[in-house]
Structures are given as structure tokens and as C-alpha cells.
Amino acid sequence: MHIRAVLGILGALLIISSATFLCGLVTALAFQEATVVPFLGCFLGAVAIGLVFWLLRDTSQELRSRDAFLVVGLCYVTVILVGSVPLSIIPGVAPSFTDAVFESSSGITTTGATIVSGLDHLPKSVLIYRQSLQWVGGMGIIVLAVAILPLLGVGGVQLYKAEAPGSEREHSLPLRVKETAKTLWMIYVGLTVACAIAYFLAGMPAFDAISHSLTTVSIGGFSTHDQSIGFFNSAAIESVAVAFMLISGINFLVHYIAFHGRKDGHWILHATRSYARDSEVRLYFGVVILVTVLVTLILTITEGTVSSTLRHGIFQAVSFATTTGYTTANYETWPLVCPILMVFASFVGGCTGSTAGGIKVYRVLLLARQGIREIRRLIQPGAIFNVVVDGRQIPDRVLETAWGFLALYAASFVVLLSAMLIVGDLDFRSAFSAVAACLNNLGPGLGDVSSGYQSLSIAEKWILSFAMILGRLEIFTVLVLFAPRYWRR
């Protein structure tokens, strides 16, 4: 491990993450709030430390592929700990250091689980700071840093692959890593601006429109109100949220392909074909539609009111299936099968290369195709069958990686759930949903954690914080650091 190369990367990330403090500082100055000093201190401190680390960098040192896993883990832990500072020092936000770390972890990993109550009465600077944590975390701190790694003199390819190991779709965008990161962020910023404008036109106040656009496009789920999107009680606002949650759950590389490459006036047809031809996008919408239909159908049958059940059923199903976590209704009062179905939908999550959590639709697609191949092999033992996705034959090594990921995901879930049941006093339903909500980066749970995670013990909050990071970094990147072989020379 080249320490000075790592220091340079950490320094760059501290400078980047200081933008979240700047958001809080500017808002505090604009609304003349008492949080100016804490945010100013955090901003100056992060920039100063970041500059020192950056100046200590060694441009002659190159990161090895194995080093990238440790760097990614260190970067996320560092940013989470730094991000927890304002939450712990500003009165009335996080009661303890553990709570501050939990909230910061939830923000950076775009989980949306919260220990903060009384959001409607918090300073606007604190609210926008929480939202900005999720926006920065949405596309990944590491992907953002890739755009400036040439300044540090270290390679960025290793880090880009380490954040989402096992991804087979990097070739979809024929650009180098630096240009890729910049292009993805341009799309990300464009969607955020469009979302904010749409919210405002739908009737949301300007501050709320900006705040919620940050956490809608990042599929984070943090809100400026305790009642989340339900606070506004507006079908128009909910429609905007549903649209942008669905858009943000699609692979951002597919967005790039859809809106680039045709300059002859037929870009709408080209964009439509780009989405329609992508197998992962089709399956993604298929899963969302299936869950939505089942939830709304069950609600309609049990409650008998079509208009309200359709409205709330569609919104909650999309929110859970995309792992956003916004709420408009008390889903705890619904028939148990509905919230359970929505939680299980979060295991699938969104597309690879999106801001969503979960196992990812592309892996589910690969596993389904592999299952079909095994059935065909049983029927015709002597025949040779290949797994093909979008006209490309998938190598067996890729399929093995998908199966390995699923096995580790399931094992991690069982271990985390067991730990929650051992250290706490949650019932099985609450513990199961809490682990699922954090590992899938969903946020809201069932039972005792349906309204927040404030009541959990210190040990339970640390377990769930780890689950958020594990889910965000997609298992492999974190668990490889626990392998003794990794630390051997």
C-alpha cells in the first residue's frame, strides 16, 4: 500500500465532501440561522486537512488493483465520519455520536434510514445538509473523485471498478474513466435540475423543491418533513416523484446512450429504442409494474376505495421497488402482504449503474437466464446452451460472479439479522425489515422501525450502519478486506 498516494485521494475526497458543509453554510447565512459557525468550522477544517493530504501526495506512486479495495473502504468511512461532525455538534439533531454516524452513513450511502425526529422544526441549513449528503453519495464519492485523480497522479480505473466489482457493463460507454465520471455527473446534475423545476411547477415551495430533488435523483429518501412526501398531500407532486424515481433507477450509461449518438432529429425514436432494447431496463420496469399491480389490487380488494388506494399504492410500490424510501401513507396499517411484498421488491432494487440499491436487476436477469439454461440442459443433456443478454454471450466467469455475489449477499443478511436478534430486543419482523432496509439501501422498515430508528440500541445502530456500507459497496469490496489472504504479501 502506497500511503502517500492514499493520502492524496483522501485529501481530494475531503475537499469534495466539504461542498456539503458549504451548502449548509450558505443556507445558514441566507436564513440567518445560528448554525453558521458549526458549518463554517467544518468547511474550513475539511478543506484544510484535505489540502494538507493533497500536498503530501506522491505522483510517482501507482495504486495496484488490490489496493483499490482498501482505498474505497477507507474513503467511505472517512467521508461518513467527517459528515457526522455537524450532526453531532449542532444541538437538537443527533443525541449521540453513534446517532450522528448512523445518520451520516444513511446519507452517504443513500439509504434514508433516520434517527432524526422533528424535521419540520430543524434549521433549514441542517435540512439541506442532510439532503446534500445523499446527493453527493448518490453517484458515489469514488466515481466523482475519478474525474480529478489525474491531478493526483494515480490511476482511476482500479477505483472505478472497485466500487462496483463484478460489473460487466462498463464497455457500454466508450470513454475513458475520467470522461465517464464527468459525463455521468453531467447527466446526474441535469436530472436534478429538471426534478427541482418539476417539483416547483407541481406546487412544492422552492426550498423543498430543491431539497427533494437532491434525494429523489439520488434515490435517497431523506425529506425535510417528518411526513415525507405525504406532507404535501398533492397528486401532482407524487407524480413527479414517481417519474424521477423510475428514471433514476435506470442505468445512467443507458441514459447516456439514449441521448447521445443521433443528431438527425430522430433522437426521440433513438432514445425510446435504446431503453426498449435493453433487457435490464425491460425487466426493471416489469418488476416495478408487477409489484405495483399486486399492491394496488390487494389494497383495492381489502379497502374498497379505488382512487386513494391507486394513488398511495402506486407511489409506495415504486418508492420501495426503487429503494428510494419516500412515504405518503401509513403502510403499516395495510394488509401485511403489501409491505412484505414491497420490502422483498427492494432486494431486486434498480439497474446497475444507477443510484438505486439492492442486488440489482442485471444480476437477477443473469441468474434467471442461467436458471433457464440449467432447465434446458436437464431436458437435453447433450446440447450446448449459452446465456445471451442483448445479443452478447455472457462468459461463465461472469455468471459465477453473479452466483457468488448472491451467496455472499444472503450469507451477509443472515449474519446481520442474527446479530440484530442477539444484541437487541426487536421482534423478528422488525429486525428482518431493518436489516433488509439498510442492506438494500432502502430506509424505512416495518414494525418498530417503521417510523424511524431512534429507539434502537447503540449496538444495533452500529450493525445497521455497517449494513448500509456493505450494501452500498456491493458486498465484495468490503468483505475482501476481512479475508486473511488479502493482507498477505
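## A salt bridge between helices α11 and α15

Arg311 is partly exposed, with 27% relative accessible area. In this predicted model, the side chain of Arg311 forms a salt bridge with that of Glu238, with a distance of 2.8 Å from N to O. Glu238 belongs to helix α11 (residues 235-248) and Arg311 to helix α15 (residues 306-321), so the bridge ties together parts that are 73 residues apart in sequence. Glu238 has a relative accessibility of 4% and counts as buried. The pair therefore joins a buried residue, the cut-off for that class being under 20%, to a partly exposed one.

Side chains of opposite charge can pair when their charged atoms come close. Across the whole structure, a search finds nine salt bridges. Two further examples and a network are described below.

## A salt bridge between helices α17 and α18

Asp396 and Arg373 also meet through their side chains in a salt bridge, at 3.3 Å from N to O. This pair links distant parts of the chain: Arg373 is in helix α17 (residues 361-379), Asp396 is in helix α18 (residues 396-423), and the two are 23 residues apart. Arg373 is buried, at 7% relative accessible area, whereas Asp396 is partly exposed, at 43%.

## A salt bridge within helix α18

Helix α18 also holds both members of another pair, Arg397 and Glu400, which are three residues apart, or about one turn of the helix. Their salt bridge has its closest N and O atoms 3.8 Å apart. Arg397 is exposed, with a relative accessible area of 59%, while Glu400 counts as partly exposed at 48%.

Salt bridges with shared partners also join Lys360, Arg363 and Glu474 into one network.

## The surroundings of Thr355

Thr355 is located in the loop between helix α16 (337-348) and helix α17. The residue is buried, and its relative accessible area is 0%.

A polar atom of the Thr355 side chain lies 3.0 Å from the backbone oxygen of Val217. Val217 is also one of the residues that Thr355 touches, leaving aside residues up to four places away in sequence. The others include Ser218 and Ile219, together with Thr110, Gly138, Met139 and Tyr188. Ser248, Phe252 and Arg472 are likewise among the residues touched by Thr355. Ser248 falls within helix α11 (residues 235-248), the helix that also contains Glu238.

Note on methods. Residues are numbered from 1 along each chain as its sequence is written. This is a predicted model: local features need pLDDT of at least 70, side-chain atom pairs count only at pLDDT 80 or more; totals for chains, interfaces and linings use all residues. Side-chain values use heavy atoms; hydrogens and water are left out. A salt bridge is a side-chain nitrogen of Lys or Arg within 4 Å of a carboxyl oxygen of Asp or Glu. Helices (H or I, at least four residues) and strands (E, at least two) are DSSP runs, numbered from the N terminus. Buried means under 20% relative accessible area, exposed over 50%, partly exposed in between (1.4 Å probe, protein chains only). A polar contact is a pair of N or O atoms within 3.5 Å; within protein, one must be able to donate a hydrogen and the other to accept it, and residues adjacent in sequence count only if both atoms are side-chain atoms. Contact means heavy atoms within 4.5 Å.
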